[in-house]
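Reader: I would like a close look at a single part of this model, with enough of its surroundings to place it. Please keep to what can be computed from the atoms.

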Amino acid sequence: MLDVEIARKAVPARGGPRTVIEGLRLTLAREEIVALVGPSGCGKTTLLRIIGGLDTRYEGAITWAEGVRPRIGTVFQEPRLLPWRTVRQNIALVRPPNPAEAESLLALLGLAPYADLHPPALSLGMARRAAIARAFAVEPTLLLLDEPFVSLDPAMAEQGRAVLATAWRTRRCAALLVTHDLAEAASLADRILLLSEGPARVVRELVVPEGSRRRGIAEGARVAAALT
Amino acid sequence: MGWAARLLPVLVLFAVWELAARLIGSRLFPPASTVIAALGQEAASGHLLHNLGVTLARVAAAFAVAMVLGTGLGVAMGRWRRVDRALDSLVTGLLNLPALVGIVLIYVWFGLSEATAIAAVALNKLPSTAVTVREGARALDQGLIDMAHSFRMGRGAILRHVVLPQLYPYLFGAARSGLALIWKIVLVAELLGRSDGVGFQIQVYFQLFDVTGILAYTLAFIVVVQVIEWLALQPLERRANLWR
């Protein structure tokens, strides 16, 4: 569904532009989940911004299968919820009102008791879940996830991953997941692309065996160790 | 309880005023009761309402002009560095221009009219609105705006749901200080170039050395401003900040 080819992407820096992505190619099939794993600061977030259409200054091409940009749901590293709207209102804002779908997402992601709270009253873990619910609310064909579980304690992160996997089972869509944690990548993705330290480019591709997919972080860690 | 606590200092002030004025016994310092009686007479004759009305209308017009233009200017300066650089010294200059000079020059250059009076008052408030809103526009969370773009929210929706709520505290700050400033300047503009309004009336009483009249109008004016503060500004601000 997606073909990404970025010849070069530079960002302004002191002492001249700095190249953050160079000669990067990746493809994504329908309903496929691909993890992008690389050291922090290697340009992963920039890549997601380019694919999401937030950054258009690069050399290369993003090609969508049907020639049109699909519906994209984005989960940013910080939850980026509007603090002056409740969780329910945050979700309602991004999609034309379909109360039934919004309510079912709230229930599915364990957010029902928190739906009428404002984001500042939520824990980081709950705010992240709300951001995931919002991304699913647009009924995306592509989900962009930028380190959605970073800086959560291990138990909360695992809960979040379980909730994400549940949402995936019922609302299938393709996804690009950026993470620096190989075990997390192996526990969520079908395929893992290892990126080089900046400028980013794909250095290795790992396929997670079908029987091991979305089986929790312990299985992910085992697969990651076996693959590398 | 809240109302009683607010009212008590006012009552004490009136009592002290009444007592002191009676002790001094000068025509130039009338007691509170005399001023309130004069206020009643002015109200009964219809003068008070007319003068307060035109002054309020001028305040409202000047306030609206200053807030709308100042907000637009402030957002532009906060978001685009080029605009900021081009206009910064002009705005700072206007900010420091004495109100009286602005009013006199506008009257001289553009004539004595309702429009020039309002423009002169608005010009005094506009730069401070622009500077306050500029701070707000600079502090806008780009992450939230990116989020809105990523979900393909339209321009109008982004402005309404993402940008304006972030600007509210700054807009309220500008509105609050703006109203306080405009009340004062409108009276000067009326005194210099209008033939009605509270400012004009106070000038008349000044020429007659009628302190009772001056205080009666001042009192009426303070009450109106306070009522607007309680009934409009504070509830609006509370509503906008409910989520905090």
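The part in question is one helix of chain B, and the answer works outward from there. Which elements do the buried residues of H7(B) pack against?

Author: The model is predicted, and everything below is to be read with that in mind. Helix H7 of chain B covers residues 142-150. Seven of its nine residues are buried, so the helix is largely enclosed by the rest of the structure. The buried residues are Gly143(B), Leu144(B), Ile145(B), Asp146(B), Met147(B), Ala148(B) and Ser150(B). Buried here means under 20% relative accessible area, with the protein chains only taken into account.

The packing partners of these buried residues come from both chains. From chain A they are H1, strand E5 (72-75) and helix H4 (124-137). From chain B they are helix H3 (47-79) and H8.

One of the partners in chain A, helix H1, is itself mostly covered. H1(A) takes in residues 44-51, and six of its eight residues are buried. Those six are Lys44(A), Thr46(A), Leu47(A), Leu48(A), Ile50(A) and Ile51(A). Just after the end of H1(A), Gly53(A) has a positive phi of about 85°.

Next, the chain that holds H7(B). Chain B contains 10 helices and zero strands. Its elements, read from the N terminus, therefore run α-α-α-α-α-α-α-α-α-α, where each helix is a DSSP run of at least four residues. The C-alpha trace of chain B spans about 70 × 50 × 30 Å along its principal axes. Of its 244 residues, 41% count as buried. Among contacts in chain B with a separation of 6 or more, 71% are between residues 24 or more positions apart. The exposed area of chain B is about 13400 Å², and carbon and sulfur atoms supply 70% of it. Chain B carries 20 positive and 13 negative side chains, and the centres of these two sets lie 8 Å apart.

Salt bridges also join parts of chain B. One of them is formed by the side chains of Arg138(B) and Asp84(B), at 2.8 Å from N to O. This pair links distant parts of the chain: Arg138(B) belongs to helix H6 (residues 114-138) and Asp84(B) to helix H4 (residues 81-95) of chain B, 54 residues apart. Arg138(B) counts as partly exposed because its relative accessibility is 42%. Asp84(B) has a relative accessible area of 11% and is therefore buried.

Helix H6 of chain B takes part in another such pair. The side chains of Glu114(B) and Arg194(B) meet in a salt bridge, again with a distance of 2.8 Å from N to O. Glu114(B) lies in H6 of chain B, while Arg194(B) lies in the loop between helix H8 (155-193) and helix H9 (198-207), so the pair ties together parts that are 80 residues apart in sequence. Helix H8 of chain B has already been named as a packing partner of H7(B). Glu114(B) is partly exposed, with a relative accessible area of 34%. Glu114(B) and Arg194(B) also belong to a network of salt bridges that includes Arg58(B), Glu190(B) and Asp196(B).

Chain A supplies the other side of the surroundings of H7(B). Chain A has seven helices and nine strands. With 228 residues, a compact globule would have a radius of gyration near 17 Å, and the 17 Å of chain A agrees with this. Its C-alpha trace spans about 45 × 40 × 35 Å along the principal axes. Of the 228 residues of chain A, 53% count as buried. Among its contacts between residues at least 6 apart in sequence, 69% join residues at least 24 apart. Chain A exposes about 9900 Å², of which carbon and sulfur atoms supply 52%. The mean positions of its 29 positive and 24 negative charges are 2 Å apart.

Over all chains, the structure holds 27 salt bridges. One of them, in chain A, brings together the side chains of Arg161(A) and Glu184(A) at 2.5 Å from N to O. Arg161(A) sits in helix H5 (residues 154-170) and Glu184(A) in helix H6 (residues 182-188) of chain A, so this pair links distant parts of the chain, 23 residues apart, each helix being a DSSP run. Both Arg161(A) and Glu184(A) are buried.

How values were computed: Residues numbered from 1 in each chain as written. Chains lettered and ligands numbered in written order. Heavy atoms only, no water. Helix = DSSP H or I, 4+ residues; strand = E, 2+ residues; numbered from the N terminus. Rg over C-alpha atoms; globule rule 2.2 N^0.38 Å. Buried < 20%, exposed > 50% of the residue type's maximum accessible area, 1.4 Å probe, protein only. Contact = heavy atoms within 4.5 Å. Areas by Shrake-Rupley, 256 points an atom, 1.4 Å probe, with all protein chains shown as cover. Lys, Arg positive; Asp, Glu negative; His and termini not counted. Charge placed at Lys NZ, Arg CZ, Asp CG, Glu CD. Salt bridge = Lys/Arg side-chain N within 4 Å of Asp/Glu carboxyl O.
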